[in-house]
Amino acid sequence: MTDKNAIKKSLKVVNIFHNVYTAWVVLAVSLALTIAGYFISSEFAEKRAKDRFEFRVKEISDSIKARMHVYEQVLWGGVALFDSKGFVSRSEFRDYIKTLNIGKHWPGIQGIGFSVPIQPRDKELHIESIRSEGFQDYSIRPEGIRDLYTAIIYLEPFDWRNKRAFGYDMWSNEMRRRAMKRSRDEGVAATSGVITLVQETKNDAQRGFLTYLPVYKKGMPVKTVEERRHAFLGWVYSPFRAGDLMQGILGSENKDYDFEIYDEKVISNSSLLYDSNETMHQEEPDHDPYFNELVDLTLQGRLWQVYIHTKKEYLTSSETFLPKMIAGFGFVVDGLLFYVIMAIYGIQRRAVQIASEMTNELELQQKELLKKNQDLEQFAMIAAHDLKEPLVGSQRYASFLNSEYKEGDVLDKDGIHAIEAIEKNSVRMKNLVLGLMDYAKINCEIIQREDIDMEKIIQELKESLHVEDEGIELDVKKPLPHIQAYPSYIRHIFQNLISNAIKYNQSDQKHIEIGYQENGVGKVFYVKDNGIGIPREHQEVIFNIFSRLHGKSEFGGGSGVGLTITRKMVEKHDGEIWVESHQGQGSTFNFTLGRQA
Ligand code: ADP
């Protein structure tokens with residue numbers, strides 16, 4: 001795989017996460033999540049607000065019901081007083097009500113009173129009797145002739161407001177009469193519709209209602225309507241000022257809610273008993289509450305409707321702002337996420353561009369280098385070839401001069417010495433040129449791997465190098481393998497290594513060992529000698545071209561090209577070469593020949 005392809009492949013993986021499409025998809029998904037978050041939190045806030053509202057609605061209606069039930073019980077207490085005593089005097093009634101301390105314990109009750117029915121024939125006697133108690137101005141109001149009169153004879157606390165009702169005939173008023181009649185005839189607590197109490201003045205006028213309980217003569221039967229009418233003594237009753245009552249029940253602090261109470265099933269100004277904000281919701285121009293509810297309440301046989309609605313600023317700040325905050329924060333994060341992905345994508349594109357430009361440049365340089373190398377090798381080949389001819393010629397002439405004119409007086413001593421020097425140098429030059437040619441040839445040659453019998457090659461070299469003739473011990477560790485390799489190179493490699501093993505050896509008995517070992521990677525061949533050895537610091541340098549460790553004349557001279565060619569030939573096989581040696585203790589040259597060998 002080329003560098004370009006590798007870059008492209010790795011970028012493909014990175015690109016999956018950082019590209020324009022991913023950025024848009026991430027933006028779309030995160031926006032969808034933010035919007036969902038906004039709606040979910042809004043819904044949650046609304047549900048919370050609604051739960052709060054419903055709880056409050058229940059609390060308000062339960063409080064009214066509970067309080068009215070308690071008031072009824074208080075009135076039944078008054079009835080019980082009459083039942084137990086048969087007749088209750090004014091002072092006894094006053095003491096009883098005083099004990100109840102209604103001003104303190106029962107806010108909203110205007111008072112507790114007792115009203116009696118009076119037949120027209122008994123009217124004057126009745127007025128006389130009350131006046132005789134010291135109430136000189138007492139009379140039954142309103143004036144007029146009626147079939148039946150009633151009169152409030154007791155009303156405690158007997159303060160200035162309640163005194164306005166003393167002697168008032170409630171039977172004369174239709175709204176009151178209906179409740180009184182029901183209470184008397186059915187023997188139950190009965191509440192009137194909306195009325196204005198006679199106690200009211202022009203100041204702070206409130207609407208009100210009355211609750212009546214019947215008192216029958218002790219011991220008389222009261223099973224039927226007739227019996228109840230016959231035994232009827234009067235009404236224990238309470239006037240209620242609706243405003244005071246509601247404040248007593250619910251308090252004046254209703255920050256979040258307003259409510260209205262209507263009598264019966266009619267929502268109108270005439271049926272309105274109480275309005276916490278004093279403006280009926282129908283009359284409010286922009287009445288559009290967050291929540292509202294109409295609740296039915298049945299109290300002492302009378303149906304009330306309570307209309308409860310939230311005020312404008314009902315939602316808490318967390319309910320109002322949380323969804324908006326979630327949305328706002330979400331949008332910022334979404335935008336940032338999108339920006340970051342796009343920025344990474346941009347940086348990455350730029351990096352790809354730079355990498356690709358650099359790769360192109362490198363490829364170009366590589367090609368140029370290859371071309372220059374080839375040109376150089378070609379040049380070396382041509383130069384070496386052209387140099388070889390005149391060198392061979394020079395050497396021949398020098399040899400000729402040396403052999404022809406050495407004897408006699410033609411050349412003096414210095415002349416002979418000069419001719420010998422020319423001859424030696426020519427030989428050295430020729431060897432150097434041949435070496436360079438071999439080196440340059442390696443890259444130009446097209447050769448094939450072949451099956452090689454290593455033992456056979458070594459045997460041939462043994463003979464061509466006259467090893468035995470020179471008394472050198474060459475120990476071949478048989479069997480040597482057959483390998484797939486370039487035959488001429490293998491021959492060259494061994495020839496060079498054996499030659500050096502002989503050349504750089506000063507021992508009396510030269511010994512060379514050739515063999516191979518299998519290591520994990522493949523075959524490692526070696527040529528081991530008992531020669532002069534190579535110092536550690538030179539063990540790598542000797543493979544460089546023209547590297548020699550000795551003087552020109554030492555060890556028969558040399559060109560310093562042999563190991564360079566050897567290494568190149570090993571590398572042509574995808575192999576490696578290295579030396580293990582200690583100075584004065586011989587050297588072992590090892591080489592591998594790659595996987596294909
Ligand atoms: P040349 O032998 O022509 O000088 P080589 O490239 O074959 O060039 O060797 C480079 C140098 O490595 C030699 O000059 C020699 O100093 C050293 N050398 C090579 N083979 C051996 C060996 N077997 N023992 C000791 N030194 C060696």
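A polar contact here is a pair of N or O atoms within 3.5 Å. The model on screen is predicted.

**Stop 1: the ligand**

Select the ligand and L549. An oxygen atom of the ligand is 3.4 Å from a polar backbone atom of L549, which means that this pair falls within the 3.5 Å limit. Add R548 to the selection: one of its polar side-chain atoms lies 2.6 Å from a ligand oxygen atom. Then add L563, where a backbone N or O atom is 2.8 Å from an oxygen atom of the ligand. Of the 530 Å² of accessible area that the ligand has on its own, the protein covers 98%.

**Stop 2: the shell and the pocket**

Now show the surroundings of the ligand, which sits in the largest pocket. There are 21 residues around the ligand, and those that come nearest are N500, Y504, D529, R548 and L563. By class, the shell divides into 9 nonpolar, 9 polar and 3 charged residues.

Colour helix 13 (487-503), helix 14 (562-572) and strand 16 (587-592); each supplies at least two shell residues. Helix 13 gives the largest share, 3 residues.

**Stop 3: an open sheet**

Leave the ligand and select strands 1 to 5. These 5 strands form an open sheet in the order 2-1-5-4-3, with antiparallel pairing. Strand 2 (149-156) and strand 3 (190-191) are the edge strands, each pairing on one side only.

Zoom in on strand 3 and strand 4 (residues 208-216), which run antiparallel and are joined by 2 bridges. To find one end of a bridge, pick A190; its bridge partner in strand 4 is Y212.

Key. Residues are numbered from 1 along each chain as its sequence is written. This is a predicted model: local features need pLDDT of at least 70, side-chain atom pairs count only at pLDDT 80 or more; totals for chains, interfaces and linings use all residues. Side-chain values use heavy atoms; hydrogens and water are left out. A residue is near a molecule or strand if one of its heavy atoms lies within 4 Å of it. A polar contact is a pair of N or O atoms within 3.5 Å; within protein, one must be able to donate a hydrogen and the other to accept it, and residues adjacent in sequence count only if both atoms are side-chain atoms. Accessible areas come from the Shrake-Rupley method with a 1.4 Å probe; for residues, only the protein chains shown count as cover. On a 1 Å grid over the protein atoms alone, a cavity is a set of points where a 1.4 Å probe fits but cannot get out, and a pocket is an open set with protein on both sides within 12 Å along at least five of seven lines; lining residues have an atom within 4 Å of a point. A molecule sits in a cavity or pocket if more than half of its atoms lie within 2 Å of its grid points. Helices (H or I, at least four residues) and strands (E, at least two) are DSSP runs, numbered from the N terminus. Ala, Val, Leu, Ile, Met, Phe, Trp, Tyr, Cys and Pro count as nonpolar, Asp, Glu, Lys and Arg as charged, and the others, Gly among them, as polar. Two strands pair if DSSP finds at least two bridges between them.
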